[in-house]
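Work through the exercises below with the structure at hand. Each task is followed by a solution in steps.

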Amino acid sequence: MASESVVIDYQPTPKQTLFHATDANEVLYGGAAGGGKSKAIVMDALARCLRYPQTHAYIFRRTYSELEDTVIKEAKQSYPKSIAQYNVSRHEMKLYNGSVIHFRHCASVSSMYNYAGAEIHWLYFDELTSFEREIYDFIKTRLRAKKTLGIVPVVRSSSNPGNIGHGWVKERFVDAGPYLEKIVRMEKSPTLHRSKKFVTQYIPSLALENPYITEDYIFELERKPKALREALLNGNWDAFEGQVFPEFTDDAQHYADRTHTHVVAPFDIPLWWPRYMGFDHGYSAPFSVGWYACDPQGRLYRYREWYGFDGTPNKGIRITPKEIARGILDREKDESNENLSIERIADPAIFDQSRGDSVADQMRDTGDGRGVYFRRGDHTRLAGKMQIHERLRFREDDRPMFYVFSTCRQFLRTFPALPYDPVKPEDVDSAAEDHIYDECRYVCMARPIASEGMPTHKRAEYDPLEE
Ligand SMILES: Nc1ncnc2c1ncn2[C@@H]1O[C@H](COP(=O)(O)OP(=O)(O)O)[C@@H](O)[C@H]1O
Ligand SMILES: [Mg+2]
(Lines give C-alpha, C1' and ligand atoms only; values in the text may rest on other atoms or scores of the structure.)
(Ligands and ions follow the chains in the order given, each with its own letter.)
Protein backbone atom coordinates (compact mmCIF):
# COMPACT_ATOMS: atom_id res chain seq x y z
CA MET A 1 0.00 0.00 0.00
CA ALA A 2 1.40 3.35 -0.96
CA SER A 3 1.90 5.58 2.01
CA GLU A 4 1.47 9.31 1.82
CA SER A 5 3.40 11.59 4.04
CA VAL A 6 1.61 14.35 5.93
CA VAL A 7 3.36 17.52 7.03
CA ILE A 8 2.44 18.89 10.44
CA ASP A 9 3.28 22.57 10.56
CA TYR A 10 4.67 23.01 14.05
CA GLN A 11 7.97 24.41 15.25
CA PRO A 12 7.97 24.10 19.04
CA THR A 13 9.75 26.72 21.15
CA PRO A 14 12.54 25.40 23.41
CA LYS A 15 10.14 25.20 26.39
CA GLN A 16 7.51 23.42 24.33
CA THR A 17 10.19 20.96 23.21
CA LEU A 18 11.04 20.26 26.83
CA PHE A 19 7.35 19.74 27.60
CA HIS A 20 7.04 17.15 24.81
CA ALA A 21 10.27 15.33 25.61
CA THR A 22 10.16 14.94 29.38
CA ASP A 23 9.44 11.51 30.83
CA ALA A 24 8.08 12.77 34.18
CA ASN A 25 4.72 11.30 35.17
CA GLU A 26 3.08 14.64 35.93
CA VAL A 27 4.15 17.93 34.42
CA LEU A 28 2.95 21.47 34.89
CA TYR A 29 3.80 23.92 32.13
CA GLY A 30 2.93 27.06 33.96
CA GLY A 31 3.30 30.73 34.46
CA ALA A 32 2.71 33.51 32.02
CA ALA A 33 -0.13 33.80 29.53
CA GLY A 34 0.70 33.56 25.87
CA GLY A 35 3.70 31.31 26.41
CA GLY A 36 2.26 28.67 24.11
CA LYS A 37 0.96 26.32 26.79
CA SER A 38 -2.40 25.44 25.25
CA LYS A 39 -0.74 24.95 21.89
CA ALA A 40 1.79 22.61 23.50
CA ILE A 41 -1.01 20.53 25.05
CA VAL A 42 -2.87 20.21 21.77
CA MET A 43 0.27 19.17 19.88
CA ASP A 44 1.44 16.82 22.62
CA ALA A 45 -1.85 14.94 22.54
CA LEU A 46 -1.61 14.64 18.76
CA ALA A 47 1.98 13.37 18.85
CA ARG A 48 1.26 10.70 21.46
CA CYS A 49 -1.93 9.55 19.78
CA LEU A 50 -0.19 9.31 16.41
CA ARG A 51 2.73 7.39 17.83
CA TYR A 52 0.54 4.92 19.72
CA PRO A 53 -2.51 3.76 17.73
CA GLN A 54 -5.76 2.98 19.57
CA THR A 55 -4.93 5.27 22.47
CA HIS A 56 -7.17 7.89 24.07
CA ALA A 57 -6.19 11.41 25.09
CA TYR A 58 -8.47 13.58 27.24
CA ILE A 59 -8.02 17.33 27.28
CA PHE A 60 -9.89 19.08 30.11
CA ARG A 61 -10.91 22.70 30.55
CA ARG A 62 -13.21 23.96 33.25
CA THR A 63 -16.07 25.02 30.97
CA TYR A 64 -17.25 24.06 27.55
CA SER A 65 -17.04 27.57 26.12
CA GLU A 66 -13.42 27.84 27.21
CA LEU A 67 -12.74 24.51 25.55
CA GLU A 68 -14.27 25.76 22.29
CA ASP A 69 -12.43 29.08 22.36
CA THR A 70 -9.01 27.65 23.12
CA VAL A 71 -7.96 24.03 22.69
CA ILE A 72 -10.67 22.91 20.25
CA LYS A 73 -10.04 25.97 18.10
CA GLU A 74 -6.28 25.39 18.23
CA ALA A 75 -6.70 21.69 17.37
CA LYS A 76 -8.95 22.43 14.40
CA GLN A 77 -6.37 24.87 13.08
CA SER A 78 -3.31 22.72 13.67
CA TYR A 79 -4.33 19.12 12.95
CA PRO A 80 -4.14 18.14 9.28
CA LYS A 81 -7.62 17.11 8.09
CA SER A 82 -6.24 14.07 6.31
CA ILE A 83 -5.34 12.44 9.63
CA ALA A 84 -7.79 13.94 12.12
CA GLN A 85 -11.56 14.34 11.76
CA TYR A 86 -13.48 16.45 14.25
CA ASN A 87 -16.82 15.12 15.44
CA VAL A 88 -18.80 18.16 16.55
CA SER A 89 -21.46 16.41 18.62
CA ARG A 90 -18.98 14.16 20.44
CA HIS A 91 -16.30 16.87 20.82
CA GLU A 92 -13.67 14.42 19.67
CA MET A 93 -10.86 14.28 17.16
CA LYS A 94 -10.72 10.84 15.61
CA LEU A 95 -7.33 9.98 14.16
CA TYR A 96 -6.86 7.69 11.19
CA ASN A 97 -5.00 5.14 13.36
CA GLY A 98 -7.88 4.54 15.78
CA SER A 99 -6.69 6.95 18.45
CA VAL A 100 -9.11 9.56 19.78
CA ILE A 101 -8.57 12.97 21.40
CA HIS A 102 -11.52 13.79 23.66
CA PHE A 103 -12.21 17.42 24.57
CA ARG A 104 -13.94 17.50 27.92
CA HIS A 105 -15.05 19.95 30.55
CA CYS A 106 -15.64 19.56 34.26
CA ALA A 107 -17.15 22.65 35.85
CA SER A 108 -17.74 21.24 39.33
CA VAL A 109 -16.69 18.52 41.71
CA SER A 110 -20.03 16.75 41.28
CA SER A 111 -19.61 16.47 37.50
CA MET A 112 -16.25 14.70 37.78
CA TYR A 113 -18.18 11.46 38.34
CA ASN A 114 -19.23 11.63 34.69
CA TYR A 115 -15.74 10.32 33.99
CA ALA A 116 -15.87 7.40 36.41
CA GLY A 117 -15.93 4.92 33.54
CA ALA A 118 -13.33 6.49 31.28
CA GLU A 119 -10.07 4.80 30.36
CA ILE A 120 -7.58 7.57 29.86
CA HIS A 121 -4.09 7.09 28.45
CA TRP A 122 -2.92 10.66 28.02
CA LEU A 123 -4.48 13.13 30.40
CA TYR A 124 -4.30 16.90 29.94
CA PHE A 125 -5.63 19.79 32.00
CA ASP A 126 -5.49 23.22 30.39
CA GLU A 127 -5.59 25.97 33.05
CA LEU A 128 -5.18 23.59 35.97
CA THR A 129 -5.73 26.29 38.64
CA SER A 130 -9.35 26.54 37.53
CA PHE A 131 -9.92 23.03 38.95
CA GLU A 132 -10.25 21.86 42.53
CA ARG A 133 -7.68 19.34 43.70
CA GLU A 134 -10.45 16.71 44.11
CA ILE A 135 -11.19 16.87 40.39
CA TYR A 136 -7.54 16.42 39.44
CA ASP A 137 -7.05 13.55 41.88
CA PHE A 138 -10.25 11.80 40.86
CA ILE A 139 -9.80 12.03 37.09
CA LYS A 140 -6.21 10.87 37.49
CA THR A 141 -7.53 7.58 38.87
CA ARG A 142 -8.98 6.95 35.38
CA LEU A 143 -5.46 6.80 33.97
CA ARG A 144 -4.87 3.19 33.04
CA ALA A 145 -3.65 1.19 30.12
CA LYS A 146 -3.85 -2.46 29.21
CA LYS A 147 -0.37 -4.01 29.24
CA THR A 148 -0.70 -4.89 25.55
CA LEU A 149 -0.68 -1.22 24.59
CA GLY A 150 2.89 -0.96 25.86
CA ILE A 151 2.57 2.60 27.08
CA VAL A 152 3.16 4.54 30.30
CA PRO A 153 0.22 6.96 30.73
CA VAL A 154 1.08 10.54 31.67
CA VAL A 155 -0.58 13.67 33.04
CA ARG A 156 0.31 17.00 31.45
CA SER A 157 -1.13 20.32 32.59
CA SER A 158 -0.76 23.98 31.89
CA SER A 159 -1.76 26.96 33.96
CA ASN A 160 -1.49 30.61 34.78
CA PRO A 161 -1.25 31.48 38.48
CA GLY A 162 -4.42 32.62 40.27
CA ASN A 163 -7.88 31.11 40.41
CA ILE A 164 -9.39 28.64 42.88
CA GLY A 165 -6.68 25.99 42.49
CA HIS A 166 -3.77 28.40 42.90
CA GLY A 167 -2.77 27.09 46.31
CA TRP A 168 -2.67 23.37 45.64
CA VAL A 169 -1.15 23.67 42.15
CA LYS A 170 1.63 25.90 43.47
CA GLU A 171 2.34 23.49 46.30
CA ARG A 172 2.30 20.37 44.12
CA PHE A 173 4.43 21.67 41.26
CA VAL A 174 5.91 25.14 41.67
CA ASP A 175 7.15 24.88 45.27
CA ALA A 176 8.04 21.19 45.09
CA GLY A 177 11.67 21.85 44.17
CA PRO A 178 13.88 23.73 41.72
CA TYR A 179 12.19 24.69 38.44
CA LEU A 180 12.70 22.22 35.56
CA GLU A 181 14.13 19.60 37.88
CA LYS A 182 12.44 16.22 38.13
CA ILE A 183 11.09 15.72 41.63
CA VAL A 184 10.79 12.14 42.82
CA ARG A 185 7.95 11.41 45.22
CA MET A 186 6.55 8.26 46.75
CA GLU A 187 2.88 7.38 46.70
CA LYS A 188 1.69 4.80 49.23
CA SER A 189 -0.89 2.17 48.44
CA PRO A 190 -2.58 1.03 51.66
CA THR A 191 -4.22 -1.81 49.67
CA LEU A 192 -1.08 -3.19 48.05
CA HIS A 193 1.10 -2.36 51.08
CA ARG A 194 3.77 -0.83 48.96
CA SER A 195 4.91 2.49 47.63
CA LYS A 196 5.28 3.62 44.07
CA LYS A 197 7.69 6.21 42.77
CA PHE A 198 6.34 9.04 40.66
CA VAL A 199 8.02 12.06 39.19
CA THR A 200 6.67 15.59 38.86
CA GLN A 201 8.17 18.53 37.03
CA TYR A 202 7.46 22.23 36.67
CA ILE A 203 8.32 23.97 33.40
CA PRO A 204 7.98 27.75 33.77
CA SER A 205 6.60 29.74 30.89
CA LEU A 206 7.17 33.39 29.95
CA ALA A 207 5.07 35.36 27.51
CA LEU A 208 8.18 36.71 25.77
CA GLU A 209 9.43 33.20 25.01
CA ASN A 210 6.73 32.73 22.43
CA PRO A 211 7.76 34.36 19.16
CA TYR A 212 4.25 33.82 17.79
CA ILE A 213 2.39 36.31 19.97
CA THR A 214 1.94 39.94 19.04
CA GLU A 215 3.14 43.07 20.81
CA ASP A 216 -0.51 44.10 21.22
CA TYR A 217 -1.02 41.08 23.41
CA ILE A 218 1.86 42.12 25.69
CA PHE A 219 0.48 45.68 25.86
CA GLU A 220 -2.88 44.25 26.87
CA LEU A 221 -1.35 42.19 29.70
CA GLU A 222 0.48 45.27 30.94
CA ARG A 223 -2.83 47.05 31.46
CA LYS A 224 -4.20 44.45 33.93
CA PRO A 225 -4.37 45.09 37.70
CA LYS A 226 -1.07 44.52 39.51
CA ALA A 227 -1.33 40.94 40.82
CA LEU A 228 -2.91 39.71 37.61
CA ARG A 229 -0.31 41.51 35.50
CA GLU A 230 2.56 39.98 37.49
CA ALA A 231 0.96 36.57 37.11
CA LEU A 232 0.07 36.75 33.44
CA LEU A 233 3.10 38.63 32.13
CA ASN A 234 5.88 37.24 34.28
CA GLY A 235 4.30 34.01 35.45
CA ASN A 236 4.89 35.06 39.04
CA TRP A 237 3.19 32.60 41.42
CA ASP A 238 3.93 34.78 44.44
CA ALA A 239 1.87 37.71 43.19
CA PHE A 240 -1.18 36.16 44.87
CA GLU A 241 0.79 34.95 47.89
CA GLY A 242 -1.36 34.61 50.97
CA GLN A 243 -4.48 35.92 49.25
CA VAL A 244 -7.60 34.19 50.46
CA PHE A 245 -9.49 34.84 47.22
CA PRO A 246 -7.02 34.50 44.34
CA GLU A 247 -9.96 33.56 42.10
CA PHE A 248 -11.36 37.09 42.35
CA THR A 249 -11.01 38.57 38.87
CA ASP A 250 -11.32 42.20 37.90
CA ASP A 251 -11.10 42.31 34.14
CA ALA A 252 -12.23 45.57 32.57
CA GLN A 253 -12.40 43.97 29.14
CA HIS A 254 -15.33 41.90 30.34
CA TYR A 255 -17.26 44.50 32.36
CA ALA A 256 -19.86 44.61 29.62
CA ASP A 257 -20.30 40.92 28.76
CA ARG A 258 -19.92 39.88 32.45
CA THR A 259 -17.98 36.68 31.71
CA HIS A 260 -14.67 35.74 33.40
CA THR A 261 -14.91 38.73 35.72
CA HIS A 262 -16.42 39.52 39.09
CA VAL A 263 -16.46 43.24 38.46
CA VAL A 264 -19.06 44.70 36.09
CA ALA A 265 -20.11 48.08 34.80
CA PRO A 266 -23.02 49.59 36.78
CA PHE A 267 -26.47 49.15 35.27
CA ASP A 268 -30.04 50.01 36.26
CA ILE A 269 -31.24 47.27 38.54
CA PRO A 270 -34.79 46.03 37.81
CA LEU A 271 -37.13 47.20 40.54
CA TRP A 272 -38.44 43.73 41.24
CA TRP A 273 -35.05 42.23 42.17
CA PRO A 274 -34.88 41.71 45.96
CA ARG A 275 -32.53 44.09 47.76
CA TYR A 276 -30.27 43.42 50.70
CA MET A 277 -28.01 45.51 52.85
CA GLY A 278 -25.11 44.23 54.92
CA PHE A 279 -23.68 46.15 57.87
CA ASP A 280 -20.54 45.78 59.90
CA HIS A 281 -20.24 48.32 62.67
CA GLY A 282 -17.14 50.30 63.56
CA TYR A 283 -16.20 53.52 65.36
CA SER A 284 -12.44 53.88 65.58
CA ALA A 285 -12.23 51.14 62.95
CA PRO A 286 -14.26 51.59 59.74
CA PHE A 287 -17.90 50.56 59.50
CA SER A 288 -19.14 49.12 56.24
CA VAL A 289 -22.50 49.26 54.52
CA GLY A 290 -23.02 47.32 51.30
CA TRP A 291 -26.15 47.25 49.13
CA TYR A 292 -26.91 44.14 47.08
CA ALA A 293 -29.54 43.06 44.59
CA CYS A 294 -30.39 39.52 43.61
CA ASP A 295 -31.26 38.52 40.04
CA PRO A 296 -33.75 35.75 39.13
CA GLN A 297 -30.89 33.20 39.00
CA GLY A 298 -29.92 34.01 42.57
CA ARG A 299 -26.84 36.02 41.58
CA LEU A 300 -25.87 38.80 43.95
CA TYR A 301 -24.72 42.21 42.72
CA ARG A 302 -23.05 44.60 45.14
CA TYR A 303 -24.24 47.85 43.63
CA ARG A 304 -23.46 50.53 46.22
CA GLU A 305 -21.27 50.92 49.25
CA TRP A 306 -20.60 53.30 52.10
CA TYR A 307 -17.35 52.64 53.87
CA GLY A 308 -16.76 54.66 57.02
CA PHE A 309 -13.05 55.26 56.81
CA ASP A 310 -11.07 58.46 56.84
CA GLY A 311 -8.87 57.68 53.85
CA THR A 312 -6.24 55.91 55.94
CA PRO A 313 -6.56 52.13 55.61
CA ASN A 314 -8.44 50.60 58.54
CA LYS A 315 -9.11 53.95 60.29
CA GLY A 316 -12.73 54.78 61.13
CA ILE A 317 -14.54 58.14 61.02
CA ARG A 318 -15.85 57.97 64.61
CA ILE A 319 -19.50 58.79 64.05
CA THR A 320 -22.37 57.58 66.23
CA PRO A 321 -24.79 54.79 65.32
CA LYS A 322 -27.57 57.39 64.86
CA GLU A 323 -25.42 59.32 62.39
CA ILE A 324 -24.66 56.12 60.52
CA ALA A 325 -28.40 55.31 60.39
CA ARG A 326 -29.18 58.75 58.97
CA GLY A 327 -26.36 58.39 56.44
CA ILE A 328 -27.78 55.04 55.33
CA LEU A 329 -31.28 56.42 54.80
CA ASP A 330 -29.90 59.44 52.95
CA ARG A 331 -28.12 57.12 50.54
CA GLU A 332 -31.30 55.15 49.88
CA LYS A 333 -33.22 57.93 48.13
CA ASP A 334 -33.66 55.86 44.96
CA GLU A 335 -35.01 52.88 46.85
CA SER A 336 -37.35 54.93 49.03
CA ASN A 337 -38.70 56.87 46.02
CA GLU A 338 -39.71 53.53 44.55
CA ASN A 339 -40.94 52.19 47.89
CA LEU A 340 -38.56 49.25 47.73
CA SER A 341 -37.99 47.23 50.84
CA ILE A 342 -34.46 46.33 51.76
CA GLU A 343 -33.64 43.38 53.95
CA ARG A 344 -30.94 44.53 56.37
CA ILE A 345 -28.50 42.08 57.87
CA ALA A 346 -25.89 42.96 60.45
CA ASP A 347 -23.17 41.57 62.63
CA PRO A 348 -24.98 40.03 65.66
CA ALA A 349 -22.59 42.01 67.91
CA ILE A 350 -24.63 45.19 67.29
CA PHE A 351 -27.47 43.70 69.38
CA ASP A 352 -25.29 43.49 72.48
CA GLN A 353 -27.00 45.35 75.34
CA SER A 354 -24.39 44.68 78.01
CA ARG A 355 -23.29 48.32 77.93
CA GLY A 356 -26.69 50.00 77.73
CA ASP A 357 -28.55 50.66 74.50
CA SER A 358 -27.19 48.43 71.77
CA VAL A 359 -25.96 49.83 68.45
CA ALA A 360 -29.06 48.26 66.87
CA ASP A 361 -31.33 50.01 69.39
CA GLN A 362 -29.72 53.35 68.63
CA MET A 363 -30.08 52.92 64.88
CA ARG A 364 -33.81 52.20 65.18
CA ASP A 365 -34.42 55.83 66.06
CA THR A 366 -32.47 58.46 64.17
CA GLY A 367 -34.19 61.28 66.10
CA ASP A 368 -35.97 62.62 63.02
CA GLY A 369 -38.78 60.09 62.91
CA ARG A 370 -36.89 57.57 60.87
CA GLY A 371 -35.03 54.39 61.74
CA VAL A 372 -33.01 51.46 60.42
CA TYR A 373 -33.91 47.91 61.48
CA PHE A 374 -31.65 44.92 61.16
CA ARG A 375 -31.88 41.24 61.54
CA ARG A 376 -29.07 39.24 63.03
CA GLY A 377 -26.64 37.90 60.47
CA ASP A 378 -25.11 34.45 60.69
CA HIS A 379 -21.47 35.09 61.46
CA THR A 380 -20.20 31.50 61.28
CA ARG A 381 -16.83 32.32 59.79
CA LEU A 382 -15.79 29.32 57.71
CA ALA A 383 -19.25 28.59 56.39
CA GLY A 384 -19.49 32.23 55.28
CA LYS A 385 -16.11 32.07 53.60
CA MET A 386 -17.17 28.92 51.72
CA GLN A 387 -20.33 30.68 50.56
CA ILE A 388 -18.21 33.42 49.05
CA HIS A 389 -15.87 30.95 47.33
CA GLU A 390 -18.88 29.09 45.99
CA ARG A 391 -20.39 32.31 44.62
CA LEU A 392 -17.10 33.41 43.04
CA ARG A 393 -16.72 30.18 41.09
CA PHE A 394 -17.30 30.65 37.37
CA ARG A 395 -20.14 28.46 36.16
CA GLU A 396 -20.46 26.72 32.81
CA ASP A 397 -21.64 29.94 31.23
CA ASP A 398 -18.41 31.60 32.47
CA ARG A 399 -20.37 33.73 34.91
CA PRO A 400 -20.07 33.69 38.71
CA MET A 401 -22.89 34.00 41.29
CA PHE A 402 -21.45 37.20 42.74
CA TYR A 403 -20.67 40.49 41.05
CA VAL A 404 -19.56 43.87 42.25
CA PHE A 405 -20.13 47.15 40.42
CA SER A 406 -16.91 48.83 39.32
CA THR A 407 -17.97 51.85 41.39
CA CYS A 408 -17.50 49.96 44.69
CA ARG A 409 -13.92 51.18 45.05
CA GLN A 410 -13.40 50.19 48.69
CA PHE A 411 -14.56 46.63 48.09
CA LEU A 412 -12.11 46.43 45.20
CA ARG A 413 -9.31 47.85 47.34
CA THR A 414 -9.75 45.56 50.36
CA PHE A 415 -11.36 42.30 49.24
CA PRO A 416 -8.75 40.93 46.79
CA ALA A 417 -5.96 41.66 49.29
CA LEU A 418 -7.50 39.77 52.26
CA PRO A 419 -4.79 37.59 53.82
CA TYR A 420 -5.00 34.34 55.77
CA ASP A 421 -4.96 34.27 59.55
CA PRO A 422 -1.46 33.24 60.69
CA VAL A 423 -2.92 31.19 63.57
CA LYS A 424 -6.05 29.73 61.94
CA PRO A 425 -4.62 29.09 58.50
CA GLU A 426 -7.92 28.36 56.73
CA ASP A 427 -9.62 31.58 57.81
CA VAL A 428 -9.33 35.24 56.87
CA ASP A 429 -7.07 37.28 59.16
CA SER A 430 -9.49 39.30 61.29
CA ALA A 431 -6.71 41.79 62.04
CA ALA A 432 -6.76 42.76 58.34
CA GLU A 433 -9.12 45.33 56.83
CA ASP A 434 -11.99 42.87 56.70
CA HIS A 435 -15.08 44.99 57.44
CA ILE A 436 -16.39 44.92 53.90
CA TYR A 437 -15.72 41.19 53.70
CA ASP A 438 -17.63 40.63 56.95
CA GLU A 439 -20.68 42.56 55.82
CA CYS A 440 -20.62 40.76 52.47
CA ARG A 441 -20.39 37.42 54.31
CA TYR A 442 -23.54 38.15 56.35
CA VAL A 443 -25.46 38.87 53.16
CA CYS A 444 -24.17 35.71 51.47
CA MET A 445 -25.13 33.67 54.54
CA ALA A 446 -28.62 35.18 54.41
CA ARG A 447 -29.02 33.83 50.86
CA PRO A 448 -26.93 30.67 50.90
CA ILE A 449 -26.46 28.66 47.73
CA ALA A 450 -25.88 24.92 47.52
CA SER A 451 -22.32 23.88 47.04
CA GLU A 452 -21.90 22.04 43.74
CA GLY A 453 -19.38 19.83 45.42
CA MET A 454 -22.08 18.25 47.57
CA PRO A 455 -23.84 15.16 46.33
CA THR A 456 -27.33 16.01 45.16
CA HIS A 457 -30.21 13.78 46.06
CA LYS A 458 -32.74 13.58 43.30
CA ARG A 459 -36.26 13.12 44.56
CA ALA A 460 -38.93 11.38 42.56
CA GLU A 461 -41.04 14.04 40.93
CA TYR A 462 -44.24 14.69 42.87
CA ASP A 463 -47.32 15.03 40.73
CA PRO A 464 -50.39 16.13 42.73
CA LEU A 465 -52.76 14.91 39.98
CA GLU A 466 -51.45 11.40 40.15
CA GLU A 467 -52.85 9.42 43.02
N1 LIG B 1 5.11 26.64 18.40
C2 LIG B 1 4.15 27.43 17.96
N3 LIG B 1 3.98 27.63 16.62
C4 LIG B 1 3.03 28.48 16.15
N5 LIG B 1 2.18 29.19 16.92
C6 LIG B 1 2.30 29.03 18.26
C7 LIG B 1 3.27 28.16 18.85
N8 LIG B 1 3.13 28.21 20.17
C9 LIG B 1 2.12 29.07 20.42
N10 LIG B 1 1.63 29.58 19.27
C11 LIG B 1 0.55 30.55 19.15
O12 LIG B 1 0.73 31.58 20.13
C13 LIG B 1 -0.51 32.01 20.68
C14 LIG B 1 -0.49 31.83 22.20
O15 LIG B 1 -0.33 30.47 22.50
P16 LIG B 1 -1.23 29.71 23.58
O17 LIG B 1 -0.90 28.27 23.50
O18 LIG B 1 -2.64 30.08 23.47
O19 LIG B 1 -0.60 30.35 24.91
P20 LIG B 1 -1.00 30.10 26.44
O21 LIG B 1 -1.89 28.91 26.47
O22 LIG B 1 0.31 29.87 27.12
O23 LIG B 1 -1.64 31.36 26.90
C24 LIG B 1 -1.57 31.16 19.99
O25 LIG B 1 -2.12 31.90 18.96
C26 LIG B 1 -0.81 29.96 19.46
O27 LIG B 1 -1.41 29.42 18.30
MG1 LIG C 1 -3.84 28.79 27.24
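The exercises that follow concern a predicted model.

**Exercise 1. The shell around the ligand**

Find which residues come nearest to ligand 1, and how the shell around ligand 1 divides by residue type.

Solution. Start with the count: 17 residues lie around ligand 1. Of these, Gly-36, Lys-37, Ser-38, Lys-39 and Tyr-212 come nearest. Next, look for the element that gives the most to the shell: helix 2, residues 37-51, with three residues. Finally, sort the shell by type, which yields five nonpolar, nine polar and three charged residues.

**Exercise 2. Strand order**

Give the order of the strands in the open sheet of nine strands, and name its edge strands.

Solution. Read across the sheet: the order is 3-4-5-2-6-7-1-9-8, and the pairing is mixed. The edges are strand 3 (84-87) and strand 8 (182-189), each of which pairs on one side only. Neighbouring strands of this sheet are turned against each other by 20 degrees on average, direction ignored. For one pair in detail, take strand 2 (residues 56-61) and strand 5 (residues 100-105), which run in the parallel sense and share six bridges. One of the partnerships links His-56 to Val-100 in strand 5.

**Exercise 3. A helix and its cover**

State which residues of helix 7 are buried, and what follows the helix.

Solution. Helix 7 spans residues 226-234, and its buried residues are Ala-227, Leu-228, Glu-230, Ala-231, Leu-232 and Leu-233. Their cover includes helix 6 (215-222). After helix 7 comes Gly-235, with a positive phi near 65 degrees.

**Exercise 4. Two packed helices**

Decide whether helix 11 is roughly parallel or roughly perpendicular to helix 13.

Solution. Take the geometry: helix 11 (residues 381-392) and helix 13 (residues 435-446) pack at an angle of about 80 degrees, with axes 9 Å apart. Helix 11 is therefore roughly perpendicular to helix 13. Helix 11 makes the contact through Ala-383, Gly-384, Gln-387, Ile-388 and Arg-391, while helix 13 supplies Cys-440, Arg-441, Cys-444 and Met-445. By type, the residues of this contact are five nonpolar, two polar and two charged.

**Exercise 5. An arginine in a strand**

Explain why Arg-302 counts as buried, and list what Arg-302 touches.

Solution. Locate Arg-302 in strand 13 (residues 300-307). Arg-302 counts as buried because it has 25 C-beta neighbours inside 10 Å, and the cut-off is 20 or more. Leaving out residues up to four places away in sequence, Arg-302 touches Gly-290, Tyr-292, Val-404, Phe-405, Cys-408, Phe-411 and Cys-440. Trp-291 is eleven residues from Arg-302 in sequence, and their C-alpha atoms are 5.7 Å apart.

Technical notes: Residues are numbered from 1 along each chain as its sequence is written. Chains are lettered from A and ligands numbered from 1 in the order in which they are written. This is a predicted model: local features need pLDDT of at least 70, side-chain atom pairs count only at pLDDT 80 or more; totals for chains, interfaces and linings use all residues. A residue is near a molecule or strand if its C-beta atom, placed from the backbone, lies within 6 Å of it. Helices (H or I, at least four residues) and strands (E, at least two) are DSSP runs, numbered from the N terminus. Ala, Val, Leu, Ile, Met, Phe, Trp, Tyr, Cys and Pro count as nonpolar, Asp, Glu, Lys and Arg as charged, and the others, Gly among them, as polar. Two strands pair if DSSP finds at least two bridges between them. Axes are lines fitted to C-alpha atoms, for helices over the stretch in contact, and angles run from 0 to 180 degrees between N-to-C directions. A residue is buried if 20 or more other C-beta atoms lie within 10 Å of its own, exposed if 12 or fewer, and partly exposed in between; C-beta atoms are placed from the backbone. Two residues are in contact if their C-beta atoms, placed from the backbone, lie within 7 Å. Angles under 35 degrees count as roughly parallel, over 145 as roughly antiparallel, 65 to 115 as roughly perpendicular and the rest as oblique.
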